[in-house]
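Please read the following note with the model open beside you, and check each point against it as you go. The points are meant for a first-year student.

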Amino acid sequence: MSPHILILGGTTEARRLAADLAARPGVRVTTSLAGRVTRPATLAGEVRIGGFGGAVGLADWLRTHGVDAVVDATHPFAESITANAARAATATGVPAVVLRRPGWRPGPGDRWYDVESLAAAAEALPGLGRRVFLSTGRLGLAAFAHLTDLHFVVRSVDPPVAPLPPHTEVILARGPFTLAEETELLRAHAVDVLVTKDSGGEATAAKLTAARELGLPVVVVRRPPLPDGVTAVPDVAGALDTLDRLGIDGP
């Protein structure tokens, strides 16, 4: 029987992994998306949209659809999905691996302020700047809604979810963005502080370089820890190697 691999997706790595696995003869690949982006990029293999109903619902889905392995390639801040996947894998005995790109690390010239949450980022802002480029995604912006004296620039693929700070400009755009584009955005909006989540990877790192070159402070929301006992790999090659060692490489 053809092996069936479920990818919990939504990242560039998930898309690349799906393409690599779908190219293997006899391998069935299903990528699950949460449905938070209205126009997701094209994916190889089968695609499902929406939640599973928690860890129990995901475990039922794994059993019903004969899944042989799960790769959690969700965003590093998709904490509840990762926790549910770990519990579902344990309950069903289905092997699981978490694909997480390495986090960012500051270099010479960076002025980074590490915080543990969006709420902590909001608390730090008044002492760092008045015009904020808020690059944290379209969810969770309510943490900044009480900052009525600051001006925010928010960029996301889809319209952000209310409530928003009262003085907010919204830019709808899909990356990746070049260093020149990020530098121009920061200059055009007279940004004096950047807030970002530690997404990691190169695709969204240009804004950090632009902030460094302009001498701007950066508030970095650190990613939540992975659940205990999970197998984690830093890239697509590591995920493929893990699946191969599990013997899930085709009929």
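1. Helices (H or I, at least four residues) and strands (E, at least two) are DSSP runs, numbered from the N terminus. With those labels, A190 can be placed in the loop between α5 and β10 (193-197), and its phi is near 50 degrees, a positive value in a residue other than glycine.

2. Some ground rules apply: residues are numbered from 1 along each chain as its sequence is written, and side-chain values use heavy atoms, with hydrogens and water left out. This is a predicted model, in which local features need pLDDT of at least 70 and side-chain atom pairs count only at pLDDT 80 or more, while totals for chains, interfaces and linings use all residues.

3. The chain is assigned domain 1 (4-102 + 225-246) and domain 2 (112-221), with bounds that come from an automatic or database domain assignment. The centres of the two domains, taken over C-alpha atoms, are 29 Å apart, and nine residues from domain 1 and eleven residues from domain 2 take part in the contact (heavy atoms within 4.5 Å).

4. How much area do domain 1 and domain 2 bury between them? The value is about 870 Å², with 46% of it on carbon and sulfur atoms; buried area is the accessible area (1.4 Å probe) that two parts lose on being put together, summed over both. On the side of domain 1 that touches domain 2, the residues divide into four nonpolar, two polar and three charged, where Ala, Val, Leu, Ile, Met, Phe, Trp, Tyr, Cys and Pro count as nonpolar, Asp, Glu, Lys and Arg as charged, and the others, Gly among them, as polar.

5. Twelve salt bridges are found in the structure (a side-chain nitrogen of Lys or Arg within 4 Å of a carboxyl oxygen of Asp or Glu), yet zero of them cross the interface of domain 1 and domain 2. One salt bridge joins the side chains of R101 and E13, at 2.8 Å from N to O. This pair links distant parts of the chain, 88 residues apart, with R101 in the loop between β5 (96-99) and β6 (111-115) and E13 in helix α1 (residues 12-22).

6. An open sheet of six strands runs in the order β3-β2-β1-β4-β5-β12 with parallel pairing, and two strands pair if DSSP finds at least two bridges between them. Because β3 (46-49) and β12 (232-233) stand at the edges with a single partner strand each, one side of each is left without a neighbour in the sheet. Strand β1 (residues 4-8) is joined to the parallel strand β4 (residues 69-72) by four bridges, and L8 has D72 as its bridge partner in β4.

7. Two cis peptide bonds deserve a look. A162 and P163 are joined by one, with omega about 5 degrees, and P163 lies in the loop between β8 (151-156) and β9 (168-172). G175 and P176 are also joined by a cis peptide bond, with omega about 5 degrees, and P176 is in the loop between β9 and α5 (179-188).
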